[in-house]
Structure formats: structure tokens, C-alpha cells
Amino acid sequence: MFKLSKKIKLLPPYLFLEIDKAKGKARQEGRDIIDLGVGDPDQPTPAHIIEKLYQAARDPSTHRYALDQGLLGLRKAIAEWYEQRFNVKLDPETEILPLIGSKEGIAHFPLAFLDEDEYSLLPDPCYPPYKGGTILAGGKPYLMPLKEENAFLPDLKKIPLNIIRKAKLMYINYPNNPTGAIAERDFYKDVVKFATKNKIIVISDLAYSEIAYDGYRPSSFLEVEGGKDVGIEFHSLSKTYNMTGWRIGWACGNTKLISALAKVKSNIDSGIFSAIQLAGIAALEGSSQYIKDMCRLYQERRNTLIRGLNSLGWHTNPPKATFYVWIKVPKKTNTSVSLECRGEHSRTANSIKFSALLLEKANIVVTPGVGFGKYGEGYIRMALTVSGERIQEAIERLKRIL
Ligand SMILES: *Cc1c(COP(=O)(O)O)cnc(C)c1O
């Protein structure tokens with residue numbers, strides 16, 4: 001009786017059902033799970049931001065519908081932050097649009113530009129809303145594989161001409177979830193050239209710009225000459241200020257792209273709770289010392305994990321940014337764990353089997369790479385969102401089962 005739409009049926013299948021079930025069962029049984037699966041900061045939102053929300057929520061003027069385009073004060077704070085951080089000038093009136101978390105904008109953006117039979121060029125593996133948003137808008141995904149031999153950058157020369165002709169959008173995301181890879185400016189320059197020549201809109205997802213290590217400072221796509229002529233950048237308070245649950249982010253860049261997204265959104269939502277916007281201003285205007293301390297914490301955890309993995313023989317490069325470590329499913333080690341994952345029928349779901357096994361034998365939750373796309377197969381993702389002690393404990397457990 002209830003026939004699903006074609007678009008819903010085209011959405012990628014949910015691959016984590018078995019693991020979710022196993023995780024739920026393990027929790028019910030009271031097993032001591034170490035969850036390296038979720039990309040959600042474990043540290044609290046800084047106190048001054050919470051304090052600002054508390055004050056603002058007591059002011060009745062924040063209780064009514066917010067303006068669709070966000071408070072001017074928030075847009076000004078974002079412009080100021082972008083200029084300080086990236087030396088990119090943005091007009092708060094026309095080049096910035098606050099969002100109910102950047103995921104919302106990322107997923108809605110294709111509705112403004114994609115018609116049937118038009119393509120989004122998507123990295124694979126990738127953050128799932130790029131694909132979901134494309135399909136729900138009626139467009140078609142074209143997958144650009146992110147491979148280790150290309151430093152997990154898409155190879156633009158490999159995209160066929162007949163696809164390029166029908167491509168309208170291209171998503172890029174550096175520092176990258178799930179691979180932890182970074183992009184240098186030369187890559188952004190190539191993307192601007194490619195997009196200008198082929199009239200393709202660039203969507204840069206910069207969610208992890210502030211989570212970086214060893215002195216590395218990620219750049220913005222909009223820093224590159226011509227970037228603002230072809231692109232829009234999505235940013236978020238979620239990872240920078242441990243505010244994932246608050247739902248606040250923004251889009252910025254080319255004014256035509258911003259106003260098209262605003263038009264879509266004016267038909268869907270009615271803005272962000274004003275008290276949260278005021279707390280967002282407090283976040284952006286607050287001291288950046290807090291971000292430095294947070295990165296130091298993640299960096300220590302990263303070092304503990306990488307050292308541990310290398311001691312297991314799972315040689316893994318330390319990521320320069322993001323709180324993810326992208327690990328090859330071990331193939332040649334003579335371990336019972338990896339052997340059980342190399343059965344005849346397991347080639348396509350190796351990473352799922354391996355993840356299920358880690359949960360069953362070691363009570364460790366990781367994310368199978370194939371969940372981010374078919375080119376993620378052969379990898380698992382671990383998140384640095386648990387304490388260093390728990391990471392060390394995870395390594396000890398892995399040692400025990402090998
Ligand atoms: C976490 C994340 C975001 C941010 O999502 P919000 O909706 O702003 O919380 C965006 N892109 C990627 C790749 C992410 O991992």
C-alpha cells in the first residue's frame with residue numbers, strides 16, 4: 001500500500017545493521033565496549049559557550065522564529081573569523097548563510113542545482129550526505145575514487161568527458177573524513193581550473209579545518225584565486241567547539257550559490273534557534289587557546305594509537321588532521337583474526353567482517369570502510385574520540401587476540 005519513491009529506493013543500503021545489532025547485544029550483556037566507531041567528540045562544549053546559551057535562552061526575544069538568513073551578528077562573527085583564520089574576505093550580507101548544522105546545507109544544496117540526468121562528482125569513500133543529497137535531488141552520483149597511491153585525492157584527469165559534460169557539482173572534503181588525508185593549495189588550484197573550464201560548482205566541506213597536528217594549518221578552498229567564483233564552502237562549529245548536538249554551521253562563498261541555497265531552505269526550515277546563534281557568536285569570538293589544547297589532546301591519542309598499531313604490525317601513517325585514523329585491514333599477518341576475514345565470499349565485505357570480528361573478540365567498535373563507499377573497502381576507520389587510556393587498552397586487547 002505504501003509505495004516508496006524511486007529516489008528513496010536509490011539511496012545506498014544501510015550497511016551497519018549487523019554491527020549495530022552486535023553492538024547493542026554486547027552492551028546489553030554488560031560487556032566493556034571501546035567505541036572507536038563514532039566521529040563525535042567526547043569532550044564537552046566549552047563552559048563560556050554553554051553559559052551564553054543559558055543567558056540567551058532566558059531572554060524571551062530568542063523564543064520566536066529566527067530569521068531564515070541568520071542573525072547579522074552571527075554572520076559578522078563568521079566573516080571576522082574567516083578573515084582572521086584564512087585571510088578570506090566575506091560579505092556578511094550576501095556571502096554567508098548560517099545552517100542547522102552543515103550536514104543540512106550539504107544535503108540540501110543539490111536541490112538548487114541538479115536536474116535529472118545531471119551528475120555530482122563525489123569522492124569515494126566519503127561522508128554519506130554527499131551521495132544522499134544528490135540522489136534525493138534526483139541527480140546521479142559519479143564516484144571519484146580516493147586511492148592511497150594518489151594521497152587520497154581524486155584524479156580529475158580520469159573523469160570521462162561524457163560525465164564531465166553532464167556534471168553540475170563536485171564535492172571535495174579536506175581534511176578528509178574518513179581517510180584523514182589533507183590537500184595542499186596546488187590541488188585546490190587544479191580544482192578551480194577544472195571547475196572553471198567545465199562550468200562545475202565546487203562544494204568544499206571544511207568541517208575539520210581546526211583539527212590538525214604537528215603544526216599543520218589546513219587552508220580554505222576560498223583562499224585560492226578564483227575559488228569564490230566557482231565555489232561554496234561548508235563549515236561547522238560541531239568539531240571545532242565540540243558542539244555536534246547543537247546543530248549550527250554555515251555555508252559561505254559565491255553569492256549566487258549562497259542565495260540559491262537560501263531559497264531552498266526558506267521552503268524547508270525556519271532558521272536556527274536564536275539562543276544557539278548567540279552562543280555560536282561567543283564560540284567564534286572566544287579564545288583560540290581552547291582549540292590548541294583540544295588538538296594537543298587528539299594528537300597525544302593519535303600518537304598512542306599509531307604507536308600501538310605499528311607494534312601490532314598494522315603499519316599506518318599518522319594523519320596530519322581530523323580525528324580519524326584510516327587503517328588497512330591486515331591481509332598477510334598470520335593471525336586468526338585476519339584469516340577468518342579472508343574466506344571465499346568475503347572479498348566484498350571484508351571490512352564489515354573484520355569489524356564484526358573485532359567487536360566479537362575484543363569488544364572494540366570500529367567503522368568498516370565500505371560504509372563510506374565501495375572504494376573504502378579494505379579499510380577500517382578508528383576515531384580518536386576516547387581517552388588515551390582506552391586507546392592503550394584497545395591495543396592490549398588486539399595484542400591478546402592476535
Ligand atoms: C562532522 C562532519 C560535518 C559536520 O556536520 P554538522 O552537521 O555540522 O554537525 C561535515 N562534514 C563532514 C565530513 C563531517 O565529518
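**Close-up views of a predicted model**

**View 1. Pro178 lies in the loop between strand 5 (167-172) and helix 8 (185-198).** The model is predicted. Asn177 and Pro178 are joined by a cis peptide bond. The omega angle of this bond is about 10°.

**View 2. A cis peptide bond runs from Asp124 to Pro125.** Omega is near 5° for this bond. Pro125 belongs to the loop that connects strand 3 (119-124) with helix 6 (129-136).

**View 3. The ligand is surrounded by 14 residues.** Asp205, Ser236, Ser238, Lys239 and Arg247 come nearest among these residues. By residue class, the shell around the ligand consists of four nonpolar, six polar and four charged residues. The space that the ligand takes is the largest pocket.

**View 4. Side chains of Ser236, Lys239 and Arg247 approach oxygen atoms of the ligand.** For Ser236, an N or O atom of the side chain is 2.6 Å from an oxygen atom of the ligand. For Lys239, a polar side-chain atom lies 3.3 Å from a ligand oxygen atom. For Arg247, the distance between a side-chain N or O atom and an oxygen atom of the ligand is 2.6 Å. On its own the ligand has 380 Å² of accessible area, and the protein covers 95% of this.

**View 5. Arg247 has a positive phi in the loop between strand 7 and strand 8.** The phi value is near 65°, and the residue is one other than glycine. Arg247 counts as partly exposed because its relative accessibility is 30%, a value between the limits of 20% and 50%. Arg247 is also one of the residues that come nearest to the ligand.

**View 6. The side chain of Asn242 reaches the backbone oxygen of Pro44.** The distance is 3.3 Å. Asn242 is placed in the loop between strand 7 (231-236) and strand 8 (249-253). With a relative accessible area of 6%, Asn242 is buried. Arg247, which is partly exposed, lies in the loop between strand 7 and strand 8 as well.

**View 7. Thr322 has a positive phi although it is not a glycine.** The angle is about 70°. Thr322 lies in the loop that links helix 12 (289-311) to strand 9 (324-328). The relative accessible area of Thr322 is 0%, so the residue is buried.

**View 8. The side chains of Arg85 and Glu210 are joined by a polar contact.** The contact is 2.9 Å. Arg85 is in helix 4, which spans residues 72-86. Arg85 counts as buried because its relative accessible area is 13%, and the limit for buried is under 20%.

**View 9. Met1 is found in the segment before helix 1 (6-10).** Its relative accessibility is 91%, so Met1 counts as exposed. Between Met1 and Ala275 the C-alpha to C-alpha distance is 43 Å. In sequence, Met1 and Ala275 are 274 residues apart.

Terms used:
Residues are numbered from 1 along each chain as its sequence is written. This is a predicted model: local features need pLDDT of at least 70, side-chain atom pairs count only at pLDDT 80 or more; totals for chains, interfaces and linings use all residues. Side-chain values use heavy atoms; hydrogens and water are left out. A residue is near a molecule or strand if one of its heavy atoms lies within 4 Å of it. A polar contact is a pair of N or O atoms within 3.5 Å; within protein, one must be able to donate a hydrogen and the other to accept it, and residues adjacent in sequence count only if both atoms are side-chain atoms. Accessible areas come from the Shrake-Rupley method with a 1.4 Å probe; for residues, only the protein chains shown count as cover. On a 1 Å grid over the protein atoms alone, a cavity is a set of points where a 1.4 Å probe fits but cannot get out, and a pocket is an open set with protein on both sides within 12 Å along at least five of seven lines; lining residues have an atom within 4 Å of a point. A molecule sits in a cavity or pocket if more than half of its atoms lie within 2 Å of its grid points. Ala, Val, Leu, Ile, Met, Phe, Trp, Tyr, Cys and Pro count as nonpolar, Asp, Glu, Lys and Arg as charged, and the others, Gly among them, as polar. Helices (H or I, at least four residues) and strands (E, at least two) are DSSP runs, numbered from the N terminus. Buried means under 20% relative accessible area, exposed over 50%, partly exposed in between (1.4 Å probe, protein chains only).
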